[in-house]
Amino acid sequence: MWSRSKADQDPAEWLPSAPDALCRYGAEWTATKLRWGLAVDGAERERMLDIAAGCGGMEVEFTPAP
């Protein structure tokens with residue numbers, strides 16, 4: 001369930017508690033960053049790389065924002 005208290009936290013600060021949700025969360029977070037050309041800080045990048053390492057080559061699909 002979504003919580004507004006988590007809305008301003010990146011993956012370095014908060015991750016879903018369900019292990020099976022990590023890959024989907026990581027892919028959606030990455031797709032959003034790519035779609036909108038958003039910056040990623042070092043801690044966030046490291047956490048996303050850690051998540052991706054456990055996702056077996058999952059592909060991230062996105063459409064660039066107009």
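Where is the place of Pro16? I looked, and Pro16 sits in the segment before helix 1.

**Ground rules**

I am working on a predicted model, where local features need pLDDT of at least 70, side-chain atom pairs count only at pLDDT 80 or more, and totals for chains, interfaces and linings use all residues. Residues are numbered from 1 along each chain as its sequence is written, and side-chain values use heavy atoms, with hydrogens and water left out.

**Whole chain**

I counted 2 helices and 0 strands in the chain. Both kinds of element are DSSP runs numbered from the N terminus: H or I with at least four residues for helices, E with at least two for strands.

Then I checked burial: 18% of the 66 residues are buried. Here buried means under 20% relative accessible area, exposed means over 50%, and partly exposed is in between, with a 1.4 Å probe and protein chains only.

I noted an accessible surface of about 5,100 Å² for the chain, with 55% of it belonging to carbon and sulfur atoms. Those areas come from the Shrake-Rupley method with a 1.4 Å probe, and for residues only the protein chains shown count as cover.

For contacts (heavy atoms within 4.5 Å), I took the pairs at least 6 apart in sequence, and 62% of them join residues at least 24 apart.

**Pro16**

Back to the opening residue. Pro16 counts as buried because its relative accessibility is 18%. Leaving out residues up to four places away in sequence, I find Pro16 touching Ala21, Leu22 and Tyr25. I also took a C-alpha distance: Pro16 and Gly26 are 10 residues apart along the chain and separated by 10.0 Å.

**Helix 1**

Helix 1 covers residues 22–36, which is 15 residues, and I get 21 Å from its first C-alpha to its last, close to the 21 Å expected at 1.5 Å a residue. The expected span is 1.5 Å times one less than the number of residues. Just after the helix comes Gly37, with a positive phi near 65°.

Which residues of helix 1 are buried? I listed Tyr25, Gly26, Ala27, Ala31 and Lys33. I then asked what they pack against, and it is helix 2 (42–53).

I picked Ala27 from helix 1 for a closer look. Ala27 is buried, with a relative accessible area of 14%. Neighbours within four places in sequence aside, Ala27 is in contact with Met58 and Val60. From Ala27 to Met48 I have 9.0 Å, C-alpha to C-alpha, with their positions 21 residues apart in sequence.

**Aromatic rings**

A search of the whole structure gave me 2 aromatic pairs. Trp14 and Tyr25 make an edge-to-face one, at 5.7 Å centre to centre and 75° between the planes. Trp14 lies in the segment before helix 1 and Tyr25 in helix 1, so this pair ties together parts that are 11 residues apart in sequence. My cut-offs: rings of Phe, Tyr and Trp (its six-membered ring) pair if their centres lie within 6.5 Å, and planes under 30 degrees apart are stacked, over 60 edge-to-face, the rest tilted.

I looked up burial for both partners. Trp14 counts as partly exposed at 23% relative accessibility, whereas Tyr25 counts as buried at 16%. Ring pairs link Trp14, Tyr25 and Trp29 into a cluster.

**Second largest pocket**

I put the volume of the second largest pocket at about 190 Å³. Its lining includes Trp29, Lys33, Leu38, Glu44 and Met48. Helix 1 and helix 2 are the elements that give two or more residues to this lining, and helix 2 gives the most, with 5 residues.

For the record, a pocket is an open set of points on a 1 Å grid over the protein atoms alone, where a 1.4 Å probe fits, with protein on both sides within 12 Å along at least five of seven lines; lining residues have an atom within 4 Å of a point. Grid points are joined across faces, edges and corners, and the volume is the space filled by probe spheres set on the points.

**Two glutamates of helix 2**

Is Glu44 buried or exposed? I checked: Glu44, which lies in helix 2, counts as buried at 3% relative accessibility. Residues up to four places away in sequence aside, Glu44 touches Asp10, Pro11, Ala12, Trp29, Lys33 and Ala39.

Glu46 is also found in helix 2, but I have it as partly exposed, with a relative accessible area of 43%. The C-alpha atoms of Glu46 and Pro11 are separated by 9.4 Å, though the two are 35 residues apart along the chain.
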